[in-house]
Amino acid sequence: MPDPLVIADRKFSSRLIMGTGGAANLAVLERALVASGTELTTVAMRRADTEGGTGVLDLLRRLDITPLPNTAGCQSAAEAVLTARLAREALDTNWIKLEVVADERTLLPDPVELLEAAEQLVQDGFTVLAYTNDDPVLALRLAEAGVAAVMPLGSPIGTGLGIRNPHNIELIVARANVPVVLDAGIGTASEAALAMELGCDAVLLASSVTRAQDPERMAEAMRDGVRAGRLARGAGRIPQRFWARASSPPR
Amino acid sequence: MRAKVNDVEVELAEGGTVEDVLRERGYPDSGVAVALDGQLVRRSAWASTDVPDGARIEVFTAVQGG
């Protein structure tokens, strides 16, 4: 596998992690997931009806995509820890996307509850992928707590506002000793590419694909955007200059 | 004896276990997780965990999200 994404003990050839929220139905979701090339995709935990699952786990299994349960909707460390344990039990995985938000309006991570939950879950043997603010200090604290990846937001969930503080993302990348996944806020493919150019190891997105007019086509765009950004990061861009520099020889 | 399963009031036989409740209510035994009064009950303990009168049972599964 050339240039794999490595998180904890797993290797992935795709650097695009998808979410399943927001898709109109499972058929649309399936086409989008296939077009994205993703190998790791989030699911949420909710109360079950007596039919049990909603089909999303069967879909991921059929597509050979690893499910990554999240703690979406949790607003306290206690809730998030319980949800993570329920997910481990239901899905038989110790991987968790840890999400502890402060309020419904911004869906911004609550740093105090987030760090507390991260410490407890790491202690409990979970592989924690922590959704966090674009705060370089908090990212460092999470890494010190033993999370397997830090996942700073570009902008609030579902806004499509892109990466509002690229320098903070670069600061997080510069000091992280764990993979950095740009999570939330991506609206279009150029922003996914930018995340990778800034040095992120992967991108996690959902709404920008599932709520696009053509989810399948946008998923393909995101796949290529992530790939282009990764290549560009490794290729070493030219320095920016104030004045022009001719690319043709003088006559 | 009564309990609430995902907010639905149900009548249970005396001495019923978590496993009995799940079977009676028709939940599948894979892909779900159970909390009893806010505490996780591991799958391995479903058959040996009694449901007390007035208990609140929540059954969870994975859905589209995130």
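This is a short tour of a predicted model, with stops at the interface, the pockets, a cavity and some salt bridges.

**Stop 1: where the chains meet**

Colour chain A and chain B separately. Then select the residues in contact. Chain B brings 25 residues and chain A brings 29. How much area is buried between chain B and chain A? About 2300 Å². Carbon and sulfur atoms give 58% of that area.

Now pick B:Val63, B:Gln64 and B:Gly66. Together they supply 27% of the area that chain B buries against chain A. No other three residues supply more.

**Stop 2: links across the interface**

Stay at the interface of chain B and chain A, and show side chains. Three salt bridges cross it. Select A:Arg47 and B:Asp7 to see a salt bridge between the two chains. Their closest N and O atoms are 2.8 Å apart. Polar contacts come next: between chain B and chain A, 15 residue pairs are counted, with both residues at pLDDT 80 or more.

Switch to a cartoon of chain B. Which elements give two or more residues to the side that touches chain A? They are strand E3 (32–36), strand E4 (39–41) and strand E5 (55–64) of chain B. Strand E5 of chain B gives the most, with seven residues. Colour this side of chain B by class. You will find 12 nonpolar, eight polar and five charged residues.

**Stop 3: the largest pocket**

Select A:Ile157, A:Gly158, A:Ala206, A:Ser207 and B:Gly66. You have met B:Gly66 already, among the three residues picked out for the area chain B buries against chain A. The largest pocket has a volume of about 510 Å³. Of the 30 residues that line it, the five you selected are the closest to its centre.

Next, highlight three elements of chain A: strand E4 (40–47), strand E10 (202–205) and helix H8 (207–210). Each supplies at least two residues of the lining of the largest pocket. By class, this lining has 11 nonpolar, 13 polar and six charged residues.

**Stop 4: the second largest pocket**

Move on to the second largest pocket, with a volume of about 280 Å³. Which residues are closest to its centre? Of the 13 that line it, they are A:Asp3, A:Ser13, A:Arg15, A:Arg227 and A:Arg230. Now select helix H9 (residues 215–235) of chain A. This helix provides the largest share of the lining of the second largest pocket, five residues. The lining is made up of four nonpolar, four polar and five charged residues.

**Stop 5: a cavity**

How many cavities of 30 Å³ or more are counted? One. The largest cavity has a volume of about 40 Å³. To frame it, select A:Pro136, A:Ala139, A:Leu140, A:Ala143, A:Val150, A:Ile172, A:Arg175 and A:Ala176, which line it.

Helix H5 (136–145) and helix H6 (166–175) of chain A each supply at least two residues of this lining. Helix H5 of chain A gives the most, with four residues. By class, the lining of the largest cavity has seven nonpolar residues, no polar ones and one charged residue.

**Stop 6: a salt bridge within chain A**

Over all chains, the count comes to 20 salt bridges. For one of them, select A:Asp58 and A:Arg61, whose closest N and O atoms are 3.1 Å apart. Show helix H2 (residues 56–62) of chain A around them. A:Asp58 and A:Arg61 are separated by about one helical turn, because they are three residues apart in this helix.

How values were computed: Residues are numbered from 1 along each chain as its sequence is written. Chains are lettered from A and ligands numbered from 1 in the order in which they are written. This is a predicted model: local features need pLDDT of at least 70, side-chain atom pairs count only at pLDDT 80 or more; totals for chains, interfaces and linings use all residues. Side-chain values use heavy atoms; hydrogens and water are left out. On a 1 Å grid over the protein atoms alone, a cavity is a set of points where a 1.4 Å probe fits but cannot get out, and a pocket is an open set with protein on both sides within 12 Å along at least five of seven lines; lining residues have an atom within 4 Å of a point. Grid points are joined across faces, edges and corners, and a volume is the space filled by probe spheres set on the points. Ala, Val, Leu, Ile, Met, Phe, Trp, Tyr, Cys and Pro count as nonpolar, Asp, Glu, Lys and Arg as charged, and the others, Gly among them, as polar. Contact means heavy atoms within 4.5 Å. Buried area is the accessible area (1.4 Å probe) that two parts lose on being put together, summed over both. A salt bridge is a side-chain nitrogen of Lys or Arg within 4 Å of a carboxyl oxygen of Asp or Glu. A polar contact is a pair of N or O atoms within 3.5 Å; within protein, one must be able to donate a hydrogen and the other to accept it, and residues adjacent in sequence count only if both atoms are side-chain atoms.
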